[in-house]
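User: I am in my first year and would like a close look at a single part of this model. Please take the loop that follows the opening helix of the second chain, and explain what surrounds that loop.

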Amino acid sequence: MKSTLFSKKNRKLLSDPLGDQNPITIQVLGICSALAITVQLQQALVMSMSVVFVMVCANMIISALRNVIPSRIRIIVQLVVVSSLVVFVDQVLQAFLPDVQEKLSVFIGLIVSNCIIMGRLEAFALGNTLWPSFLDAIGNAVGYGWILLAVAFFRELFGSGKLFGYQVFPDGWYEAGGGFYLNNNLMILPPMALIVVGVIIWVQRSRKSFPDELLEEN
Amino acid sequence: MEELVNIFIKGVFIENMIFAYFLGMCSYLAVSKTVETGVGLGAAVIFVLGITVPINYLLENYLLSEGALAWLGESYATIDLSFLSLIMFIAVVASMVQLVEMLVEKFSPQLYSSLGIFLPLIAVNCSILGGALFMQERQYSTIVEATSFALGSGVGWFLAIVGIAAIREKIRYSNVPAPLRGLGITFIITGLMGIGFMCFMGISI
């Protein structure tokens, strides 16, 4: 039986991780590297794109090799594949975006131990063919990326009054221009990332259409 | 000595792995339901960090960084292998975890029964790899300093997970709004704890 490229099942692979199976807010994967780089949208964007790239390539490589990899050493094989891809991304960023790479510092390296990637390789790519693995990777990486961008949006907007480095609030609002507005410096500090994510989770789970069985006990 | 204590305190309170860098959040959130498991995982993290960071420090300084191969002879003095460091570090972490698990099982079954199930989890804990990468970035001058940093961040991680586990045990009796239960409230509490830890900023001995 051969399913078409965009059959219902395949579309679900793509859309589920964006919403009710989101890797960050529901499956609790990949939070480690997600939060620290959400002070500015630019960093978050570069990080999400790196993760999309690494994830798609790794998922497809592992999926293509799935019949050749002995199951005893699969973790090492996965680690090697992922870390080579990450080294590649790191070198590219160093060459073309040195200032962003400087700020992301160790967090690009930490993509290696990002549990989303290992989790999807282990749970999906090892048992599925190329095309579904590709869709699954895109879905999960974008699901990760949009949470990152959402957190970064709020933190940059309220923390420094900018988006992508461009000032949003007019000068007249600030005290120097005779206004009333002050940037909320707390938003730039690390703990606020956690609280913003907590609130996003809250909003997401408050929707009427959110499946009851995914709600947790304390 | 003063410097060592300073690095240690900094790792525990100011540059806390969880509250300042969010490293190891996945296992932190997953294994913090009771204090007992929290203590187990926290101890395992201290243990593994204390072993892998010094090893990675040696690798970094005698193999990987620019000029590190000078001990092999003149002609090797200009080689820079630092682009390989990520792969080396993750390999060290994965194999050390495996090795430690086998050793502990062989020599201390008692410790194994309490730490055992947590050790495999450690290999994918970002705080271990993060420890190695921060060690590389901050360029500690001696192996003792690097070890002190590793133990400090391990203890910081331990404190964080035990703290949140204790709070989560208590919060079971409170009436949290349904959509916020579990993950959501844990995030928010961690954020508040982080704000608490920020008052340590600027301390130095």
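Analyst: What follows begins with the chain as a whole, then goes through the loop residue by residue, and ends with a few other places for comparison.

Please keep in mind that this is a predicted model, so every value below is computed from predicted positions. Chain B holds nine helices and zero strands, and from the N terminus on its elements therefore read α-α-α-α-α-α-α-α-α, helices being counted as DSSP runs. Its C-alpha atoms fill a box of roughly 70 × 45 × 30 Å along the principal axes. Of the 205 residues in chain B, 51% are buried, and the accessible surface of the chain comes to about 9,200 Å², with 67% of it belonging to carbon and sulfur atoms. Among the contacts in chain B with a separation of 6 or more, 76% are between residues 24 or more positions apart, and the loop you ask about offers several examples of partners that are distant in sequence.

The loop in question lies between α1 (2-14) and α2 (25-30) of chain B, and B:Glu15 is one of its residues. B:Glu15 forms a salt bridge with B:Arg138, in which the closest N and O atoms are 3.3 Å apart. This pair links distant parts of the chain, since B:Arg138 belongs to helix α7 of chain B and the two residues are 123 residues apart. Side chains of opposite charge can pair when their charged atoms come close. B:Glu15 counts as partly exposed because its relative accessibility is 22%, and B:Arg138 is likewise partly exposed, with a relative accessible area of 24%.

Further along the loop, we come to an aromatic residue. The structure holds 10 aromatic pairs over all chains, and one of them joins B:Tyr21 to B:Phe134 in a tilted arrangement, 4.6 Å centre to centre and with 50 degrees between the planes. B:Tyr21 sits in the loop, while B:Phe134 sits in helix α7 (residues 126-138) of chain B, 113 residues apart. B:Phe134 has 4% relative accessibility, so it counts as buried.

B:Gly24 is also found in this loop, and with a relative accessible area of 1% it is buried, because buried means under 20%. B:Gly24 and B:Cys126 are 102 residues apart in sequence, yet their C-alpha atoms are 4.7 Å apart in space. Not counting residues up to four places away in sequence, B:Gly24 touches B:Ile18, B:Asn125, B:Cys126, B:Ser127 and B:Trp157, and also A:Cys32 from chain A.

For comparison, a salt bridge in chain A can be set beside the one in the loop. The count comes to two salt bridges over all chains, and A:Asp136 forms one of them with A:Arg120, the closest N and O atoms being 3.0 Å apart. A:Asp136 lies in helix α8 of chain A and A:Arg120 in helix α7 (residues 115-123) of that chain, 16 residues apart. A:Asp136 is buried because its relative accessibility is 2%, and A:Arg120 counts as buried at 15%.

Elsewhere in chain B, B:Leu58, B:Tyr62, B:Trp71, B:Leu72, B:Tyr76, B:Ile79, B:Ile143 and B:Val144 form a nonpolar patch on the surface, with about 750 Å² of accessible area together. Helices α3 (35-64) and α8 (143-171) of chain B each supply at least two residues of this patch, while B:Ile79 is placed in the loop between α3 and α4 (85-107).

Technical notes
Residues are numbered from 1 along each chain as its sequence is written. Chains are lettered from A and ligands numbered from 1 in the order in which they are written. This is a predicted model: local features need pLDDT of at least 70, side-chain atom pairs count only at pLDDT 80 or more; totals for chains, interfaces and linings use all residues. Side-chain values use heavy atoms; hydrogens and water are left out. Patches are made of residues with over 30% relative accessible area and no salt bridge: like charges are joined within 9 Å, nonpolar side chains (Val, Leu, Ile, Met, Phe, Trp, Tyr) within 5 Å. Accessible areas come from the Shrake-Rupley method with a 1.4 Å probe; for residues, only the protein chains shown count as cover. A salt bridge is a side-chain nitrogen of Lys or Arg within 4 Å of a carboxyl oxygen of Asp or Glu. Helices (H or I, at least four residues) and strands (E, at least two) are DSSP runs, numbered from the N terminus. Rings of Phe, Tyr and Trp (its six-membered ring) pair if their centres lie within 6.5 Å; planes under 30 degrees apart count as stacked, over 60 as edge-to-face and the rest as tilted. Buried means under 20% relative accessible area, exposed over 50%, partly exposed in between (1.4 Å probe, protein chains only). Contact means heavy atoms within 4.5 Å.
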